[in-house]
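User: I would like a close look at one part of this model, with its surroundings described in one connected account.

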Amino acid sequence: MPTFSPAAVWPIVMLALSNVFMTFAWYGHLKFKGSALYLVVLVSWGIAFFEYCLAVPANRIGAQVYSAAQLKTIQEVITLLIFSGFSVFWMKELLTINHFLGFAMIAGGAALIFRA
């Protein structure tokens, strides 16, 4: 029976949570286009602080199990998943077949990073 190391699982959980913060920091303000740019920058920095508080330890812990390239690949796949949900539920934008096909190609490329 395979065993899972906390160093293999926790980084994925922490990167997913950090990505929620990152996505809102980078794109959440697009719903508030009337707000002053300096204000959305300051709010975004405040949100990004929490992203860093999760992402940095996630990568430090994950480096016990994954290479830097693998950690970055995990982050990018998580980014696509989180951003897809964000686009649909927060921005009220539809995802098309082209989005899904493009994401599938990226996921295929990501799979190559984990090949032995």
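With which side chain does the side chain of Lys-72 make a polar contact? Please go on from there to the helix that holds Lys-72 and to the packing around it.

Analyst: The model is a predicted one. In it, the side chain of Lys-72 makes a polar contact with the side chain of Glu-76, at 2.7 Å. Lys-72 is found in helix H3, which spans residues 68-89. Lys-72 can also be placed relative to Asn-59: the two residues are 13 apart along the chain, and their C-alpha atoms are separated by 8.8 Å. Asn-59 is one of the H2 residues that meet H1.

Thr-79 is another residue found in helix H3. Its relative accessible area is 18%; the limit for a buried residue is under 20%, so Thr-79 counts as buried. Apart from neighbours within four places in sequence, Thr-79 is in contact with Asn-19 and Met-22. Asn-19 and Met-22 are among the H1 residues that make the contact with H3, and Thr-79 is among those on the H3 side.

The packing of H1 against H3 comes next. The axes of H1 and H3 come within 9 Å and cross at roughly 55°. The two helices are therefore oblique to each other, and H1 passes H3 in a right-handed crossing. From H1, the contact is made by Ile-12, Leu-15, Ala-16, Ser-18, Asn-19, Val-20, Met-22, Thr-23, Phe-24 and Tyr-27; from H3, by Leu-71, Ile-74, Gln-75, Ile-78, Thr-79, Ile-82, Phe-83 and Phe-86. Sorted by type, the residues of this contact are 13 nonpolar, five polar and no charged.

H1 also packs against H2. Here H1 covers residues 6-27 and H2 residues 37-62, with the axes 8 Å apart at an angle of about 165°. An angle over 145 degrees counts as roughly antiparallel, and H1 and H2 are therefore roughly antiparallel to each other. H1 passes H2 in a left-handed crossing. On the H1 side the residues include Ala-7, Pro-11, Met-14, Leu-17, Phe-21 and Ala-25; on the H2 side they include Ser-44, Ile-47, Phe-50, Glu-51, Leu-54, Pro-57, Asn-59 and Ile-61. The residues of the contact of H1 with H2 divide into 17 nonpolar, four polar and one charged.

Some H1 residues appear in both contacts. Leu-15, Ser-18, Met-22 and Phe-24 are among the H1 residues that meet H2, and these four residues are also among those that make the contact with H3.

Technical notes: Residues are numbered from 1 along each chain as its sequence is written. This is a predicted model: local features need pLDDT of at least 70, side-chain atom pairs count only at pLDDT 80 or more; totals for chains, interfaces and linings use all residues. Side-chain values use heavy atoms; hydrogens and water are left out. Axes are lines fitted to C-alpha atoms, for helices over the stretch in contact, and angles run from 0 to 180 degrees between N-to-C directions. Angles under 35 degrees count as roughly parallel, over 145 as roughly antiparallel, 65 to 115 as roughly perpendicular and the rest as oblique. A crossing is left-handed if the near helix is turned anticlockwise from the far one by less than a right angle, and right-handed if clockwise. Contact means heavy atoms within 4.5 Å. Ala, Val, Leu, Ile, Met, Phe, Trp, Tyr, Cys and Pro count as nonpolar, Asp, Glu, Lys and Arg as charged, and the others, Gly among them, as polar. A polar contact is a pair of N or O atoms within 3.5 Å; within protein, one must be able to donate a hydrogen and the other to accept it, and residues adjacent in sequence count only if both atoms are side-chain atoms. Buried means under 20% relative accessible area, exposed over 50%, partly exposed in between (1.4 Å probe, protein chains only).
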